[in-house]
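Please open the model in your viewer and set the display to a cartoon, so that strands and helices can be selected one after another. The tour below moves from one selection to the next and says what is found at each stop.

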Amino acid sequence: MARFVGALKRIAPWAVQNADVAIALLLAVVIGVLGIMPDEIFGDNGATVQTQLVSAATLVILALMATALLRDRARQAPMEAITSDVLGRLPARLDRLEQIESMVDRTRKALDALQLVRVLGSSQEIAQAHAEARKDTTRWSFKGGTGTYLRAVTLPRCVAAARRDKRHLTVRVEVIDPADIEVCETYAHYRRSLSDLPDGTGERWTTDRVRKESYATILAAFWHRQRYGLLDIGVGLSSTMTTFRWDLSSSRLIMTVEDPNRAMTALAGTFYYENCDTELRLSFEQARRVPLERYRGVPLGDEPTIEEVQELFERIDMPLPKSYNGRDVVDIARKALRALDPYGEPARETAGETAGP
C-alpha cells in the first residue's frame with residue numbers, strides 16, 4: 001500500500017501538468033478493458049452498449065489529443081518567434097565576432113613584436129645571439145665602424161656554412177671610408193674617448209688603425225669572393241660614422257654598441273626588424289660602392305703577397321696611401337684574414353657552424 005501511495009505521489013505532479021494526456025491515457029485503458037469484456041456483462045443489448053461506450057470514449061480521446069496538440073503549438077509559437085529572431089541576428093553577431101577575433105589577433109602580434117625586441121645583458125648572450133643569427137642564414141647585412149668582428153667571426157663562418165651546404169649567400173657591408181681622413185679621425189677619437197686602453201685585439205684606436213681596419217674589410221671581401229662562387233658580396237664606404245653596429249640575418253637583427261655586455265636583438269617579422277632592414281638597404285645604396293665585380297682582375301693567394309694587395313687596391317681605384325710600407329700592407333692582410341675577435345670569443349666550432357679560415 002505504501003508503495004502504491006508513493007507511486008501516486010510521483011505521478012500526481014505529472015498528471016496535473018498534463019491532465020488532458022492523463023485522461024486520454026486513462027480512457028484508452030478503459031476502452032481496452034471494455035473491448036475484451038464479454039457482451040453478457042452489459043445485459044441483453046450488451047454488444048450494442050459496448051460498441052457505443054467504445055465509440056464515445058474514442059471520440060473523447062481524440063478530442064483530448066487535439067487539445068494537447070493545440071496547447072503544444074501554442075507553447076512552440078513564442079519559441080519559434082524567439083528562434084527566428086536569434087537566427088536573424090546571427091550573421092551580424094558572427095561578423096562582430098570576426099572583428100573581435102581580428103582585433104585580438106592584431107593585439108597579440110603587437111605584443112609579440114614588443115616582447116621580441118629584447119636587451120642582451122652579457123657578452124655570452126651576445127655571442128649566442130650571433131651564433132643563432134648565422135645558423136642557416138642566406139643573407140647578412142652589416143653597418144658599423146670598420147667591421148672587425150665581421151672579418152674575425154661573421155664572414156668566415158657564414159661563408160664556411162654556405163659552402164658546406166652548397167647554398168647562395170648574400171652579404172652587404174657598410175664601413176667607414178678609409179680614404180676619408182676626417183671621418184676616420186672622428187671615429188678614432190670617439191673610440192678613445194670611451195677607453196684609451198687596448199681593446200680585445202690588443203691595439204689602441206688611432207686614425208691609422210681605423211684606415212687599416214677598413215682596408216682590411218675590403219680586402220677580406222675580395223678574398224672570400226674569389227674563393228666561393230655562390231657568394232654575392234657588396235661593400236659600401238660611408239663618409240659618416242655611427243655609434244651603433246647592425247648585424248642582420250635571415251632570422252634576426254642584432255644591434256651592438258661599444259659596451260661588450262649590452263646589445264639589442266629582434267626576430268625577423270617584427271616591426272623593429274623590418275624597419276632596420278629598410279634602413280640598412282637605403283644606407284647601403286647611398287654609400288660609395290667598392291667595385292667588387294672586378295674580383296677576377298687580381299687573383300689573391302691563400303696568403304696574399306704585398307704586391308697582390310697593392311695591385312688590388314690600384315685596380316679598384318683605391319690606391320693605398322703612399323706612406324704605407326711593406327709592413328703596413330702585411331698588417332692589412334693580417335687584419336683581413338687573421339683578424340682577432342675584439343670581444344675575445346674563443347675560436348671554436350659552434351653548433352651548426354664550421355669555423356672559417
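Two strands are said to pair if DSSP finds at least two bridges between them, and the model toured here with that term in mind is a predicted one.

Select strand β2 (residues 139-143) together with β3; the two run parallel and are joined by five bridges, and within this pairing S141 stands opposite R172 of β3. Follow the chain onward from β2, and you pass through helix α5 (residues 148-165) before arriving at β3, a β-α-β crossover that is right-handed.

Stay with β3, residues 169-176, and colour by accessibility: six of its eight residues are buried, so the strand is largely enclosed by the rest of the structure. Next add strand β4 (residues 231-238), which pairs with β3 in the parallel sense over eight bridges; here V173 has V235 of β4 as its bridge partner.

Now show the whole sheet, which is open, mixed in its pairing and built from eight strands in the order β1-β7-β6-β5-β2-β3-β4-β8. At its edges stand β1 (117-120) and β8 (288-289), each of which has a single partner strand, so one side of each is left without a neighbour in the sheet.

For an antiparallel pair, select strands β6 (residues 252-256) and β7 (residues 263-267), which are linked by five bridges, with R252 partnered by L267 in β7. Finally, add helix α4 (residues 123-134), which packs on the sheet and touches β1, β2, β5 (245-249), β6 and β7, its direction making about 145° with that of β6. Helix α6 (residues 181-194) also packs on the sheet, where it touches β3, β4 and β5, and its direction makes about 85° with that of β3.

Notes: Residues numbered from 1 in each chain as written. Predicted model: local features only at pLDDT ≥ 70, side-chain atom pairs only at ≥ 80, totals over all residues. Heavy atoms only, no water. Buried < 20%, exposed > 50% of the residue type's maximum accessible area, 1.4 Å probe, protein only. Helix = DSSP H or I, 4+ residues; strand = E, 2+ residues; numbered from the N terminus. Right-handed = clockwise from strand over helix to strand, strands pointing away. Contact = heavy atoms within 4.5 Å. Axes fitted to C-alpha atoms, helices over the stretch in contact; angles between N-to-C directions.
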